[in-house]
Structure formats: structure tokens, C-alpha cells
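Visitor: Please show me the structure, and let us discuss the grounds on which its features are named.

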Amino acid sequence: SILLALAMIVAFHWIIETGILFTHFFYVPIILSVIWWRRKGLAVTLFLIFSLLMSDVLMGDARGLSEDLMRGAAMLAIALVTFTLNERVISKGMELEETNQRLETRVAERTASLDRSNQELRDELALRIRTEGLLDMERRRLDTTLRSIADGVLVTDRDGAVSLMNPGAEAMTGLVFEEALGRPIDEVVMLQDDSTGERLSLGMGSKALTAGPEQPIVLLKRSGGRARVAVSQARITMEGEAIGHVTVVTDITERERLNDEIWEQQHYRS
């Protein structure tokens, strides 16, 4: 096939009988072959130049050979320039493609990261909703429990201010929870030593007060009444640190009255 192509080129050269017109037909295939086949296109260019020179040799045209040497050099230069420019375009295209691939990879990674973050947020939100639901259920349970307790129950923070109280404490003190909220417990639960008339302080829960013969405690009500009470306190801790106290006030007036009646009956019989 190479010999056939060479023969066709030589015959064509003889028919045209002019090197200038003949070589001009070579520029288009040279440029296209270099663009399409890259390095193989350079081989095609060399083959065409070789064929052109061989046709001059076979025709015995020394002058044409000299001129075609110059034209061959020009064709080779065109092929090299075309090859260089084409390689640069291909290189830039490959760089652009690699850049696009890197960008697509980064976008995919970022999208995956955002998807994971969104899933984590959804999981956290679901956990928070469940936790808040459990806390709300515990609050309702605590509220129901406190309302069912006849004793007065008050919860104070670390500063001794009231943060929670049940209806029993409201009935004993004469204050509703909204009025007692944030006030020092000694302003809400006013205690007095019945034997000495000295005001007693619950303070920061430093000690528990228990009514008895040695220290009869009375609760001074807002209405002016008095009630014999027993008071106990427990510390609320979180991670080993005290964050408040629970105070329980028990009305023992009726119990004390019954004890007094029993004591009088026994004394009378004796």
C-alpha cells in the first residue's frame, strides 16, 4: 500500500508538472493528519515529503529537487507548528477535564458530607424530640405526684430561692406558686420556735428541723393562723455538686392534738 501511494504521488507530480501547485495540495492533509493522528500525522508528513523528493529523483529534476527540499522543510515546519498547537489544546483540554473531575469529586464529597451532617441533625432532632417528650412525661408525672401529696413540698435552687411548690405548700403558706417563685424560702415558709417565739430559718438547707418536745415548730400562715409542723430537707446534687434542696413541710397539728388527748386520758386514769 505504501508503494501504491508513492506511485500515485509520483504520477500525480508528473501530470501536474509543477512543484508549487503540487505541494500546495499537501498542506491540508498534513494539517488534518497531524490534528487527527498526532504523532502518526508527523509520520504522514514525512512520508509525503519523502514521496515528493522521490518523484523529483525519479524524474531526474535536479532543480525541482532543490526547490522541493525548501518546500519540504516548509511543510515539516507547518506540521511541527500544527502538532505543537494541537498538543497544547489537547493538554489544556485534559487539564480542564481533570479540573472538572476534581471539582465534581469535591462537590460529591461535599454533598456526601452535607448529607451526613443533615442526617446527624435529623437524628439529633429526633433524639431531642424523644427526650423532650420523655421529660414532658416526667414533668406531668412529677406534677401529678406532687399534687397527690398532702404535705407541702418546695424545691429551691442553690441560692435558696423557690423554684417549685405543690398545692399542699400553697395551702399551708397561703401563697400560690406564681407569688412564691424566685423568693427566698424563708419568706415563703415562715417558721417559729413555739417555745421561744424565735424565727427559724431554713436558709440553704444546712440542717433539718423536726418538731418535738425540745423544739416545737409552728408555721405562721398568711391568714394569721398557726400550725404545728415537722420540716425535713434533702439536698439535690448533680455530678457531686449541690444544685438545690427539697423541703417537705408536714402539718402535725392534728397528730399533736390527738397525742395530747391520749396523754390527758392516761393521766386522768392514773
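Visitor: What makes E1 and strand E2 (residues 162-165) paired strands?

Guide: Strands are DSSP runs of at least two residues, marked E and numbered from the N terminus. Two of them pair if DSSP finds at least two bridges between them. Three bridges join E1 to E2, and the two run antiparallel, so the definition of pairing is met. Within this pair, threonine 156 stands opposite valine 162 of E2. E1 and E2 form a hairpin with four residues between them, and glycine 160 in the turn has a positive phi of about 85°.

Guide: This is a predicted model, in which local features need pLDDT of at least 70 and side-chain atom pairs count only at pLDDT 80 or more, while totals for chains, interfaces and linings use all residues. Residues are numbered from 1 along each chain as its sequence is written, and side-chain values use heavy atoms, with hydrogens and water left out.

Visitor: Which strand is joined to E1 by six bridges?

Guide: That is strand E7 (residues 241-251), antiparallel to E1. Valine 153 stands opposite valine 248 in E7.

Visitor: Why is threonine 247 called buried?

Guide: Buried means under 20% relative accessible area, exposed over 50%, and partly exposed in between (1.4 Å probe, protein chains only). Threonine 247, which lies in E7, has 0% relative accessibility and therefore counts as buried.

Visitor: Why is strand E1 (residues 152-157) described as largely enclosed by the rest of the structure?

Guide: The description applies because five of the six residues of E1 are buried.
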